[in-house]
There are 4 protein chains.
Amino acid sequence: MECCKIKKRDEKEYKSLINRLNRIEGQIRGIRNMVENDIYCVDILTQVSAATAALNAFNKELLGEHIKSCVAKDIRDGKDETVEELVNVLQKLMR
Amino acid sequence: MECCKIKKRDEKEYKSLINRLNRIEGQIRGIRNMVENDIYCVDILTQVSAATAALNAFNKELLGEHIKSCVAKDIRDGKDETVEELVNVLQKLMR
Amino acid sequence: MECCKIKKRDEKEYKSLINRLNRIEGQIRGIRNMVENDIYCVDILTQVSAATAALNAFNKELLGEHIKSCVAKDIRDGKDETVEELVNVLQKLMR
Amino acid sequence: MECCKIKKRDEKEYKSLINRLNRIEGQIRGIRNMVENDIYCVDILTQVSAATAALNAFNKELLGEHIKSCVAKDIRDGKDETVEELVNVLQKLMR
């Protein structure tokens with residue numbers, strides 16, 4: 001895989017991804033505050049569960065956009081290595 | 001579940017949890033940088049995968065400590081509702 | 001871990017577990033029929049998804065019963081190694 | 001999604017999928033035997049974990065083949081609805 005491949009995302013997708021990441025960062029900081037304030041484990045575990053779900057939702061959005069744009073375009077252009085790359089990344093994501 | 005239950009964690013566990021969260025926050029910020037710099041989807045997905053694994057490791061550590069301390073102690077003290085609570089939180093975590 | 005440790009489950013729990021396993025076996029056989037009849041991948045993937053969810057539900061039920069009976073009892077009896085064992089099995093299940 | 005769409009798989013892929021399913025069916029039957037013989041929960045949970053991993057491996061193989069054949073072909077043929085369908089099935093699989 002070459003380094004620093006670039007993908008220009010459209011404004012709406014870009015904002016949606018950044019918003020998701022800002023919220024996730026806030027969730028992680030919230031969890032750290034809970035640990036710092038000696039909050040009960042189960043209450044923290046519930047927040048971690050929410051942060052994991054948010055990260056998973058980000059993952060799905062990015063993956064969906066990737067397939068609809070990069071993968072579809074590359075297949076049309078005859079760059080079949082993108083198919084192989086997608087299959088490999090899915091193997092990792094579906095552990 | 002009562003609000004704001006407290007758990008005093010020992011120094012070593014506390015530091016380990018905070019370190020994990022600091023690293024995860026750094027990973028999330030790194031992912032946002034990648035989106036801001038139009039980095040290729042697959043490279044971002046790989047980083048998200050690493051952040052998810054780190055969050056999962058935090059989860060396991062916290063859960064393990066919870067069982068060894070809170071759950072074991074409460075059972076010994078006859079507070080059987082902590083068992084029910086643990087089973088419920090596991091149902092959520094194992095989705 | 002010693003070999004062939006035994007646990008007598010009560011009638012209701014036993015039947016529930018066996019029923020779940022019978023249904024899962026039927027689902028796996030159904031998926032094989034689909035492959036044998038050259039059914040479209042996406043339709044098979046949907047069934048695999050259902051079978052995975054059923055296996056996960058079995059897992060949760062068995063784990064919940066384990067904690068409520070074996071783990072709680074062993075802690076009360078001072079056999080703290082069951083706590084360690086539970087933490088280890090959860091590490092595996094939460095991969 | 002239309003009913004009973006067909007996909008002719010090549011001999012090697014077909015055999016690999018069927019072998020995986022036969023093994024998984026055996027694993028499920030093995031787990032039922034364990035329940036019938038009152039085997040200790042943790043030993044059963046370990047087997048369930050193995051069966052889940054095997055089902056996941058089947059899933060990945062089928063999905064990989066689907067993308068390399070059906071999805072790639074349909075995109076080349078201008079049938080873009082297969083992309084949408086793939087994205088939807090991945091949302092379900094990545095829960």
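This is a tour of a predicted model, one selection at a time.

Before starting, note that residues are numbered from 1 along each chain as its sequence is written, and that chains are lettered from A and ligands numbered from 1 in the order in which they are written. Because the model is predicted, local features need pLDDT of at least 70, and side-chain atom pairs count only at pLDDT 80 or more, while totals for chains, interfaces and linings use all residues; side-chain values use heavy atoms, with hydrogens and water left out.

**Stop 1: chains A and B**

Select chain A and chain B and hide the rest. How many residues does each chain bring to the contact? Chain A brings 46 residues and chain B brings 46 residues, where contact means heavy atoms within 4.5 Å. The size of an interface is often given as the accessible area lost when the parts come together. Here chain A and chain B bury about 4500 Å² between them, with 68% of it on carbon and sulfur atoms. Buried area is the accessible area (1.4 Å probe) that two parts lose on being put together, summed over both.

Next, colour Asp38(A), Tyr40(A) and Leu45(A). These residues supply 16% of the area that chain A buries against chain B, more than any other three residues.

How is chain A related to chain B? A turn of 180° with a shift of 0.0 Å along the axis lays chain A on chain B, with an RMSD of 0.0 Å. The two copies are thus related as by a two-fold rotation axis. Such copies are superposed by least squares on the C-alpha atoms of residues with pLDDT of at least 70 in both. The copies also meet through the same surface, because 100% of the interface residues of chain A are interface residues in chain B as well.

**Stop 2: Glu25(A) and the helices around it**

Select Glu25(A). Of the residues of chain A, Glu25(A) comes closest to the rotation axis, with its C-alpha at 3.0 Å. Now add Arg32(B): Glu25(A) forms a salt bridge with Arg32(B), and the closest N and O atoms are 2.7 Å apart. A salt bridge is a side-chain nitrogen of Lys or Arg within 4 Å of a carboxyl oxygen of Asp or Glu. By that rule there are six salt bridges across the interface of chain A and chain B.

Then show the helices α1 (11-36), α2 (41-76) and α3 (81-93) of chain A, the elements that give two or more residues to the side that touches chain B. Helices (H or I, at least four residues) and strands (E, at least two) are DSSP runs, numbered from the N terminus. With 17 residues, α2(A) gives the most to this side.

**Stop 3: Glu13(A)**

Zoom to Glu13(A), which is in helix α1 of chain A. Is Glu13(A) buried or exposed? Glu13(A) is buried, with a relative accessible area of 8%. Buried means under 20% relative accessible area, exposed over 50%, and partly exposed in between (1.4 Å probe, protein chains only). Leaving aside neighbours within four places in sequence, Glu13(A) is in contact with Lys7(A), Glu61(A) and Glu65(A). For a distance to check in the viewer, take Thr52(A): Glu13(A) and Thr52(A) are 39 residues apart in sequence and 21 Å apart in space, C-alpha to C-alpha.

**Stop 4: chains D and A**

Hide chain B and show chain D with chain A. This contact takes 20 residues from chain D and 20 residues from chain A. Chain D and chain A bury about 1900 Å² between them, 70% of it on carbon and sulfur atoms. On the side of chain D, select Lys60(D), Ile75(D) and Met94(D), which lose the most area to chain A, together 34% of what that side buries.

A rotation of 180° with 0.0 Å of shift along its axis superposes chain D on chain A, with an RMSD of 0.0 Å. Of the residues of chain D, Arg76(D) comes closest to the rotation axis, at 2.7 Å (C-alpha). Select Arg76(D) together with Asp80(A): their side chains meet in a salt bridge (3.6 Å, N to O). The rule finds four salt bridges across this interface of chain D and chain A.

**Stop 5: pairs that do not touch**

Finally, show chain A with chain C. These chains do not touch, and their nearest C-alpha atoms are 8 Å apart. Swap to chain B with chain D, which do not touch either; their nearest C-alpha atoms are 8 Å apart.
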